[in-house]
Structure formats: structure tokens, C-alpha cells
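Let's take a relaxed walk through a small piece of protein architecture. Have a look at the picture first, and then we'll go through the strands, the helix and the charged side chains.

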Amino acid sequence: EKTIPYSPAYFEEVKQKLLGFGFKLITSGKVRDVYEKDGYIVMITTDRISAFDVKATISTANLHLSSP
């Protein structure tokens with residue numbers, strides 16, 4: 001496992017190299033891209049935080065439920 005500090009230029013360079021090696025982009029998002037070739041999966045991630053990676057905390061102290 002190799003961790004490199006996030007750099008948009010480096011991230012773009014890695015993506016272009018994968019495409020050059022024949023990998024197909026499966027999905028792309030704010031913090032991760034997934035590539036596939038011949039059954040191999042490559043996931044490129046950044047250290048940016050996505051809203052989907054953070055658990056929401058909801059206080060129920062003042063929550064009142066009522067039925068009609």
C-alpha cells in the first residue's frame with residue numbers, strides 16, 4: 001500500500017496512465033475512481049472527505065413524534 005499526499009496534477013497523471021495501459025473507467029467521483037481491465041480492479045482514492053464517508057449525528061433530545 002502506497003500513500004501519496006493528494007495533488008490534482010498527480011491524480012490526473014495516474015488516471016491518464018491507467019487509461020493508456022488499457023484500463024476502463026468504471027466509476028468516477030469526488031474522492032475515488034475505479035478502473036477495470038481483464039478482471040483486475042484498480043481503485044484510486046484521495047484523502048478528501050466525501051459526505052458519504054461521514055456519519056450524520058442526529059440529536060433525539062428534542063424530537064417529538066406524533067401520529068395523526
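How many bridges join E1 to E2, and which way do these strands run? There are 4 bridges between E1 and E2, and the two strands run antiparallel. Keep in mind as you read that this is a predicted model.

**The sheet**

Zoom out a little and you'll find an open sheet of 3 strands, in the order E1-E2-E3, with antiparallel pairing. Strand E1 (24-28) and strand E3 (40-45) are the edge strands, since each pairs on one side only. From one strand to the next, the twist averages 20 degrees. If you want a spot to click on, try Leu-25, which stands opposite Tyr-35 in E2. As background, strands of a sheet pair through backbone hydrogen bonds, either parallel or antiparallel.

**The helix across it**

Now bring in H1. This helix lies across E1, E2 and E3, and it runs at about 15 degrees to E2. Helix H1 covers residues 8-20.

**The charged pairs**

Side chains of opposite charge can pair when their charged atoms come close. In this structure there are 3 salt bridges, and here they are:

| Salt bridge | N to O distance |
|---|---|
| Glu-12 and Lys-15 | 3.5 Å |
| Lys-17 and Glu-13 | 3.4 Å |
| Asp-33 and Lys-15 | 3.7 Å |

What does the pair Asp-33 and Lys-15 tie together? Asp-33 sits in strand E2 (residues 32-37) and Lys-15 in helix H1, so this pair links parts that are 18 residues apart in sequence.

Glu-12 and Lys-15 are a more local story: they are 3 residues apart in helix H1, so about one helical turn separates them. Lys-17 and Glu-13 are also both in helix H1, 4 residues apart, which is about one turn of the helix.

Did you spot Lys-15 turning up twice in the table? Glu-12, Lys-15 and Asp-33 are linked in a network of salt bridges.

**Buried or exposed?**

Finally, how much of each side chain's residue is accessible? Lys-15 has 17% relative accessibility, so it counts as buried, because the cut-off for buried is under 20%. Asp-33 is buried as well. Their network partner Glu-12 is partly exposed, with a relative accessible area of 35%. In the remaining pair, Lys-17 is partly exposed at 49%, and Glu-13 is partly exposed at 39%.

How values were computed: Residues numbered from 1 in each chain as written. Predicted model: local features only at pLDDT ≥ 70, side-chain atom pairs only at ≥ 80, totals over all residues. Heavy atoms only, no water. Salt bridge = Lys/Arg side-chain N within 4 Å of Asp/Glu carboxyl O. Buried < 20%, exposed > 50% of the residue type's maximum accessible area, 1.4 Å probe, protein only. Pairing = 2+ DSSP bridges. Axes fitted to C-alpha atoms, helices over the stretch in contact; angles between N-to-C directions. Contact = heavy atoms within 4.5 Å.
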